[in-house]
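Please open the model in a viewer and keep the sequence panel visible. The tour proceeds by selections, each followed by a description of what is found there.

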Amino acid sequence: MTETPDLDPPEGLGVSDGAPSSRKVVCNACPVLCQISEGRTGACDRWGNFKGVLTRVDPVVLFKKVTGAAGEITSFLESQDWDGSVVAEGPLFVSGVGSGTTYPDYKPAPFIVSSRHEGVDMVTVVTEGIFSYCSFKVKIDTDRWLGPEQATVRCRGEAVGHVTTAEYGSQMLSLGGVHHLTGGTKKEGRVTCELMMDLGNRKPVELQIEGGSQLLIEAGKAPVVNGVEERRMRVGCGSATIGIFAQQWHGQVDEVVVVDDHITGVLTEPQAGRCLAMPPSGIKIKGKKSTPGRYFQVAKPGTGWGGTDITDPLSIVAGFDSKVAKPGQRILMVSTTGEDAEFFVLDQDLKLLAAPLPGPVRAVVQRIGENCEPALTTVLFLAGAGGSLRAGVTDNPVRLTRSIKDLLVNVTCGGAPVYVWPGGGITLMVDVTRMPENSFGWVPTPAIVAPIEFSMRLSDYSALGGHMDRVRTVEDVLRNERVHVVSWGELNPWPVGPVQ
Ligand code: SF4
């Protein structure tokens, strides 16, 4: 990414003091209005002056649906240069990647392309949206405590987001958003914009959580917390782990404690142990007892066992009820991923003595690990497309919004399916790993640039006030535009069809 300039015309691109010199062109693809010398690009590196013509630097990306001899579609994003032969081989989809923009928004979208799907005339309206209102929701599969909810997340010292509600086996971050882009200092906006673009383009980003951990995250990759790569996503909470493996422990141990920052489970107390007719062990666990066998707040959150701060499991044992406990009892303490486990035997004084893990017990601990899924970082782009870019689609924008809600229009981002939130506007969410690489750009206003496509029946497009005079065929696009054709894969449903 290049250095982000101020909102004044960037250095070397001229000063907006009247008509530009004859060798410069003014880019009006965003409010910055760069004046670009011949052979140079504007501040965002997306538009350039090529022989005096304002040109989108990257070619527009088309997807080619190819069915092989075995009826299989070739792998996603296996790119190849356009050789003019793709039309005969299968349907093409013009994506928003590299398409250009509608800005200033009274212009029709840069590509409005007709096609035919199962005998029905369709149209896809294609553009690159400039999103001031957008953010990334990040799911980090880890038990380790990343920081308090609502804590500020920083990138290169700047506030770029916050920790939000933890989910089952995952910690969640909300990054970017209009307040960090526009509501803080110029540096905060710039760092936020760069971070967002990098996250969307599946690059690694380093983050620091106030009062919490240091993170290295990348979409689709394992998160790194305080320099340690996370491997396993927990099999469940402590209570669920008890329920899942109770039967396999029966007969091998007299008690199991699954240590979890949220819900620590104790085998003999809840229904799981009772149904197996396991007698109570008399173990007393620190923290708040919720229901039988379920304990909250057994320790502080941290990066130790089960997302707590403990490294010694005995630190959460308050003792044993002498009327219930019996010397010789075998006790397993284990974490929610099975990465930490210790075995104990109760002595005559009702003290726990460490002992080697017996083979059958070790096998169940290994089974916990086997049932853990790989820990990943998931990055969803969340953006509001209910604003002015709709004018590039129709002269009556609310009809586009209604048509999307009525499931007449399929919305995609770089061909990837999106979830459109109910309620007002067009607030959409998309998994960035299903989008083409380097789908995201930026402009120094600051805002994020992302591809968006609206596919619908041609008749519906006409009915909602579409720019019918701008509809062109894909063959026309191929003849007259710089294109980059890539293969479509099975990852995403073909966008021109029934709404998903
Ligand atoms: S920053 Fe804006 S005006 Fe400058 S080249 Fe990029 S899109 Fe055009």
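What percentage of the contacts in the chain with a separation of 6 or more is accounted for by residues 24 or more positions apart? In this predicted model, such residues account for 66% of those contacts.

**The whole chain**

Begin with the chain displayed as a cartoon. It contains 8 helices and 37 strands. Along the principal axes, its C-alpha atoms fill a box of roughly 95 × 55 × 40 Å. Of the 500 residues in the chain, 51% are buried.

**The ligand**

Next, select the ligand and the residues around it. Cys27, Ala29, Cys30, Leu33, Cys34, Gly42, Ala43, Cys44, Arg46, Trp47, Val443 and Pro444 form this surrounding set. By class, the shell divides into 10 nonpolar residues, 1 polar and 1 charged. The space that the ligand takes is the largest cavity.

**Salt bridges**

Now display the charged side chains. Over the whole structure, a search finds 18 salt bridges; several of them are visited here.

Select Asp121 and Arg116. These two residues form a salt bridge in which the closest N and O atoms are 2.6 Å apart. Is each partner buried or exposed? Asp121 counts as partly exposed because its relative accessibility is 40%. Arg116 counts as exposed, since its relative accessibility is 56% and the cut-off for that class is over 50%.

Move to Lys139 and Asp141, whose side chains meet in a salt bridge with an N to O distance of 2.9 Å. Lys139, at 27% relative accessibility, counts as partly exposed. Asp141 has a relative accessible area of 4% and is therefore buried, the limit for that class being under 20%.

Continue to Asp143 and Arg234. Their side chains also meet in a salt bridge, at 2.5 Å from N to O. This pair links distant parts of the chain, with the two positions 91 residues apart in numbering. Asp143 lies in the loop between strand E10 (134–141) and strand E11 (152–155), while Arg234 lies in the loop between strand E18 (232–233) and helix H3 (238–249). Both Asp143 and Arg234 are buried.

Then select Arg46, Arg56, Asp58 and Glu128 together. Salt bridges with shared partners join these four residues into one network. Arg46 has already appeared on this tour, among the residues around the ligand.

**Helix H2 and Thr192**

Select helix H2, residues 186–200, and within it Thr192. Thr192 counts as buried because its relative accessibility is 0%. Which residues does Thr192 touch, not counting those up to four places away in sequence? They are Ala159, Val160, Gly176, His180 and Leu181.

**Strand E12 and His162**

Finally, select strand E12, residues 158–167, where His162 is placed. With a relative accessible area of 34%, His162 is partly exposed. Not counting residues up to four places away in sequence, His162 touches Gln150, Ala151, Thr152, Val153, Leu173 and Ser174.

To end, add Leu346 to the selection and draw a distance between C-alpha atoms. How far is His162 from Leu346 on that basis? Their C-alpha atoms are separated by 45 Å, and the two residues are 184 residues apart along the chain.

Methods:
Residues numbered from 1 in each chain as written. Predicted model: local features only at pLDDT ≥ 70, side-chain atom pairs only at ≥ 80, totals over all residues. Heavy atoms only, no water. Buried < 20%, exposed > 50% of the residue type's maximum accessible area, 1.4 Å probe, protein only. Helix = DSSP H or I, 4+ residues; strand = E, 2+ residues; numbered from the N terminus. Near = heavy atom within 4 Å. 1 Å grid on protein atoms, 1.4 Å probe; cavity = no way out; pocket = protein on both sides within 12 Å on 5 of 7 lines; lining within 4 Å. Sits in = over half its atoms within 2 Å of the grid points. Nonpolar A, V, L, I, M, F, W, Y, C, P; charged D, E, K, R; others polar. Contact = heavy atoms within 4.5 Å.
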